[in-house]
Amino acid sequence: MRHPETGRPALGPDDDDEALRWAGDELRGGVDPLTKNRVFNAVPSSDDGVDAAPAIPTNMARTAATVLFAVLYLGIVVGWILSVQITGSTAADVFSQVAWQFGEFVAIIAGALWYLAVLTLTPDSRTAVRVGWFALGVGVLLPWPILLVVAS
């Protein structure tokens, strides 16, 4: 039987199951024969009924670099805490004092925020890209006040 306007074969009532099938249904689960509903298996499950996450290959160099930079950023945070203690504000008005203290707070947490931002924004990037962003952060966020006091 042909559709009167398009001339293509018309779908009959027995063709409903065929119309619900998509390419690759075997991989996704296909159509449940009992309920005629589509079944999707997005997360593979193990035999004990607990959903198993897909295995993600780990790169040893990437892990080592991430741990190394975690230690460096912890040092940056500690360095800024020490820098804040040796420097002080000479401002007389309240607004300047509050702004100075807010700047000190931001300087202290900037290292941790940069580290978390790089981890969050580069989960699937190459190792060199992640290391580059970590290195840029170390260069920008070094606690210069404490380094200048130690150097002199």
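**Helical architecture, core and surface of the predicted model**

Of the 152 residues of the chain, 18% count as buried. The structure described here is a predicted model. Its secondary structure consists of six helices and zero strands, giving the pattern α-α-α-α-α-α when read along the sequence. The accessible surface of the chain comes to about 11500 Å², and carbon and sulfur atoms contribute 67% of this area. Among contacts with a sequence separation of 6 or more, 50% involve residues 24 or more positions apart.

The largest nonpolar core comprises 11 residues, namely F69, Y73, I76, W80, A107, A110, Y115, V118, F134, V138 and L141. Helices α3, α4 (94–121) and α5 each supply at least two residues of this core. One member of the core, L141, was examined for its contacts beyond four places in sequence; the residues touched by L141 are Y73, I76, W80, A110, G111 and W114. Of these partners, Y73, I76, W80 and A110 are themselves listed in the core.

The residue that follows, L142, is placed in the loop between α5 (127–141) and α6 (144–151). With a relative accessibility of 26%, L142 counts as partly exposed, because this class lies between the limits of under 20% for buried and over 50% for exposed residues. When neighbours within four places in sequence are set aside, L142 is in contact with W80 and L147. W80 is also a contact of L141. A further spatial relation links the loop residue to an earlier part of the chain: the C-alpha atoms of L142 and V77 are separated by 9.1 Å, although the two residues stand 65 residues apart along the chain.

Helix α3 (residues 60–86) also contains V78. The relative accessible area of V78 is 43%, and V78 is therefore classed as partly exposed. Together with L74 and L82, V78 forms a nonpolar patch on the surface, and the accessible area of the three residues together is about 260 Å².

A contrasting environment was found for S83, which is likewise placed in helix α3. S83 has a relative accessibility of 1% and therefore counts as buried, the limit for this class being under 20%. Apart from neighbours within four places in sequence, the contacts of S83 are P143, P145 and I146. Of these, P145 and I146 fall within the residue range of α6 (144–151).

Terms used: Residues are numbered from 1 along each chain as its sequence is written. This is a predicted model: local features need pLDDT of at least 70, side-chain atom pairs count only at pLDDT 80 or more; totals for chains, interfaces and linings use all residues. Side-chain values use heavy atoms; hydrogens and water are left out. Helices (H or I, at least four residues) and strands (E, at least two) are DSSP runs, numbered from the N terminus. Buried means under 20% relative accessible area, exposed over 50%, partly exposed in between (1.4 Å probe, protein chains only). Contact means heavy atoms within 4.5 Å. Patches are made of residues with over 30% relative accessible area and no salt bridge: like charges are joined within 9 Å, nonpolar side chains (Val, Leu, Ile, Met, Phe, Trp, Tyr) within 5 Å. Accessible areas come from the Shrake-Rupley method with a 1.4 Å probe; for residues, only the protein chains shown count as cover. A salt bridge is a side-chain nitrogen of Lys or Arg within 4 Å of a carboxyl oxygen of Asp or Glu. A nonpolar core is a set of buried Ala, Val, Leu, Ile, Met, Phe, Trp, Tyr and Cys residues joined through side-chain atoms within 4.5 Å.
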